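Thank you all for making time for this. I would like to walk through one model with you, beginning at a single residue and working outward to the chain as a whole.

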Amino acid sequence: MIIEIKLKAKVIGLHIDNADIEDGTHPVTPSDWPLQLLMMKRKEGHIFAKHTHKIMDRQIPMLQEAIVVNKGKLLITVCDRNGIDIGGYEVSAGQCLFLVDGGYKVEVIEDAAFYEFKNGPHSKVSDKVFL
């Protein structure tokens, strides 16, 4: 399940649950987004060939983030860059909220363990803007 979070026609985020995906590798994000996300489901014994990726200069104009919940439940309120709320999304174990653009607030509504991924590198000077 992938639910697009939109402000008018612009995608601001994705609420993702991979519980019912078919076998294979399924790209979630377009190839031109700064942060790439794939959903994968494979049977025991599947092997991915050993590989690496070329070192190259990459121009990344914007930050994108993904919050992946391992345990518990979060309420993530997604907003535009001006802080105007678009909607609240319950994200629980096995789910991900991918922030394409805009901002967010996280409220822990059940004891939770989760990861936050974002593209870098990051400056020593914070680029965080509180809304």
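Let me start with leucine 38, which counts as partly exposed because its relative accessibility is 43%, a value that falls between the 20% limit for buried and the 50% limit for exposed. Please keep in mind throughout that this is a predicted model. Leucine 38 sits in strand 4, which covers residues 38-41, and together with Met40 and Phe48 it makes up a nonpolar patch on the surface, with an area of about 290 Å².

From there I would like to turn to charged side chains, and to the salt bridges in particular, of which a search of the whole structure finds seven. I will go through three of them, beginning with the one between lysine 6 and glutamate 4, where the closest N and O atoms are 3.4 Å apart. Lysine 6 is counted as partly exposed because its relative accessibility is 41%, and glutamate 4, at 45%, is counted as partly exposed too.

The next pair is aspartate 101 and lysine 10, whose closest N and O atoms are 2.5 Å apart. This pair links distant parts of the chain, since aspartate 101 is in the loop between strand 7 (95-99) and strand 8 (103-118), while lysine 10 belongs to strand 2 (residues 10-17), and the two are 91 residues apart. Is each partner buried or partly exposed? Aspartate 101 is buried, because its relative accessible area is 9%, whereas lysine 10, with a relative accessibility of 44%, counts as partly exposed. The pair also belongs to a network of salt bridges that links Lys10, Arg81 and Asp101.

The third salt bridge joins the side chains of glutamate 90 and lysine 73, at 3.5 Å from N to O. Glutamate 90 lies in strand 6 and lysine 73 in strand 5, so this pair ties together parts that are 17 residues apart in sequence. Glutamate 90 has a relative accessible area of 44% and is therefore partly exposed, and lysine 73, at 22% relative accessibility, also counts as partly exposed.

Now let me set beside these an acidic residue without such a partner, namely aspartate 80, which is found in the loop between strand 5 (65-79) and strand 6 (85-92). Aspartate 80 is buried yet has no salt bridge, and the nearest side chain of opposite charge, that of arginine 81, is 8.7 Å away. What, then, does the side chain of aspartate 80 reach? One of its polar atoms lies 2.8 Å from the backbone nitrogen of asparagine 82, and the side chain also reaches the backbone nitrogen of glycine 83, at 3.0 Å. Leaving aside residues up to four places away in sequence, aspartate 80 touches Leu7, Ile86, Gly102, Gly103 and Leu131.

Finally, let us step back to the chain as a whole. The protein has eight strands and zero helices, and its C-alpha atoms fill a box of roughly 45 × 40 × 30 Å along the principal axes. Of the 131 residues, 30% are buried, and the protein exposes about 9,500 Å², of which carbon and sulfur atoms supply 53%. Among contacts with a separation of 6 or more, 57% are between residues 24 or more positions apart, and the aspartate 101 and lysine 10 pair, 91 residues apart, is one place where distant parts of the chain are linked.

Terms used. Residues numbered from 1 in each chain as written. Predicted model: local features only at pLDDT ≥ 70, side-chain atom pairs only at ≥ 80, totals over all residues. Heavy atoms only, no water. Patch = residues over 30% accessible without salt bridge, like charges linked within 9 Å, V, L, I, M, F, W, Y side chains within 5 Å. Areas by Shrake-Rupley, 256 points an atom, 1.4 Å probe, with all protein chains shown as cover. Salt bridge = Lys/Arg side-chain N within 4 Å of Asp/Glu carboxyl O. Helix = DSSP H or I, 4+ residues; strand = E, 2+ residues; numbered from the N terminus. Buried < 20%, exposed > 50% of the residue type's maximum accessible area, 1.4 Å probe, protein only. Lys, Arg positive; Asp, Glu negative; His and termini not counted. Polar contact = N/O pair within 3.5 Å; in protein donor to acceptor, adjacent residues only side chain to side chain. Contact = heavy atoms within 4.5 Å.
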